[in-house]
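Me: I want the reasoning behind the labels, not just the labels. Take me through this one.

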Amino acid sequence: MTERPASPPAPEPVEAFAEQLRELRLRCFEPTEARLALQMKCGRSSVSAMLNGRRFPSWELTSAFVSACGAEPADWLDRWRDAKRRLDALRRGPAGRDGAAGAAAPAALPDVGGDALLAATWYRSNPEFYSAAARCVRAARSEIRVTYTRRYPPDQYTTKASADYFADILSWAREDTEDQRSVRRIIGIPECEGVPDRDVLAWARRHREETGRLLNYEANVLRWTAAADGLNMALIDDSTVFLAFSGGARQKLNGFSVQDPTYMSYFAAYFEQLWTPLQPLGAYLDSTGG
């Protein structure tokens, strides 16, 4: 039987915060993970992951945990913010001369050299693209990275295939499993002269309510000022890339996918550079009165 590789150690801010959560649980006579999950309205594996330092919880999930342990969430906000700041600083890399955390270094890419022949699968329509992407999402093992940068929210002008795709991503993140799965989404919110698009902003508020307690799901916001859709991508595990092209009078969408680890590595590096400086969805909405 092949042994599963050992998990990397948790970053120090995550482990330190998990230790504080474990101490709080102990002080309230150590309720079971199942009981905590029931009170928090989340999966037991989510509770286990935050207590064992496998995932850093959102503030919504932290607040629910603290309440379930009979403590006051307001007393924990500064602790959570401090841990989040230290974790973000680690992700951004070494501090610059002025003391501010620097930009993330580009991810190392494999030195393969020579020419490469890639096989692409082409999708001529919205349903073709999203149906294929949804199948890949449902079969994902550990990590999904996606972007959504369009001029209208995903619940407008939608097809059944695209609605199923978005639902499948959240279902995958929500599934109660011991696997260390992760979904990260970059949401582009269109702006005109600094004013966010009303419809996309309203959807973002609903999306926060829907995902706030999903431990395995994070969303960051990209302020989008171009009067056009962005190039959107879905990166599944370590080898599958979906690229979507949309826009035009009827908001058509098509695209293609490639299954190749080297090809994936370039898009994964680009995603990380985009992700690192962006504001979390909750913080963005709070700053806009959301």
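Reply: Happy to. Note that this is a predicted model. Helices α6 and α7 are roughly parallel to each other.

Me: Why are α6 and α7 called roughly parallel?

Reply: Helix α6 (residues 126-138) and helix α7 (residues 160-174) pack at an angle of about 15 degrees. Angles under 35 degrees count as roughly parallel. The pair therefore earns the label. Their axes lie 8 Å apart, and α6 passes α7 in a left-handed crossing.

Me: Which residues of α6 and α7 meet?

Reply: From α6, they include Tyr130, Ala133, Ala134 and Val137. Among those in α7 are Tyr165, Phe166, Ile169 and Trp172. By class, the contact of α6 with α7 has 10 nonpolar, three polar and two charged residues.

Me: What makes leucine 214 count as buried?

Reply: Its relative accessibility is 10%. Buried means under 20%. Leucine 214 therefore qualifies. This residue is found in the loop between α8 (198-211) and β5 (217-224).

Me: What is leucine 214 in contact with, leaving aside its neighbours within four places in sequence?

Reply: Leu170 and Arg174. Contact here means heavy atoms within 4.5 Å. As for valine 183, it is 31 residues from leucine 214 along the chain, and their C-alpha atoms are separated by 9.7 Å.

Me: How many helices and strands are there in the protein chain?

Reply: The protein chain has 10 helices and nine strands. Of its 290 residues, 46% are buried. Among contacts with a separation of 6 or more, 72% join residues 24 or more positions apart.

Key: Residues are numbered from 1 along each chain as its sequence is written. This is a predicted model: local features need pLDDT of at least 70, side-chain atom pairs count only at pLDDT 80 or more; totals for chains, interfaces and linings use all residues. Side-chain values use heavy atoms; hydrogens and water are left out. Helices (H or I, at least four residues) and strands (E, at least two) are DSSP runs, numbered from the N terminus. Buried means under 20% relative accessible area, exposed over 50%, partly exposed in between (1.4 Å probe, protein chains only). Axes are lines fitted to C-alpha atoms, for helices over the stretch in contact, and angles run from 0 to 180 degrees between N-to-C directions. Angles under 35 degrees count as roughly parallel, over 145 as roughly antiparallel, 65 to 115 as roughly perpendicular and the rest as oblique. A crossing is left-handed if the near helix is turned anticlockwise from the far one by less than a right angle, and right-handed if clockwise. Ala, Val, Leu, Ile, Met, Phe, Trp, Tyr, Cys and Pro count as nonpolar, Asp, Glu, Lys and Arg as charged, and the others, Gly among them, as polar.
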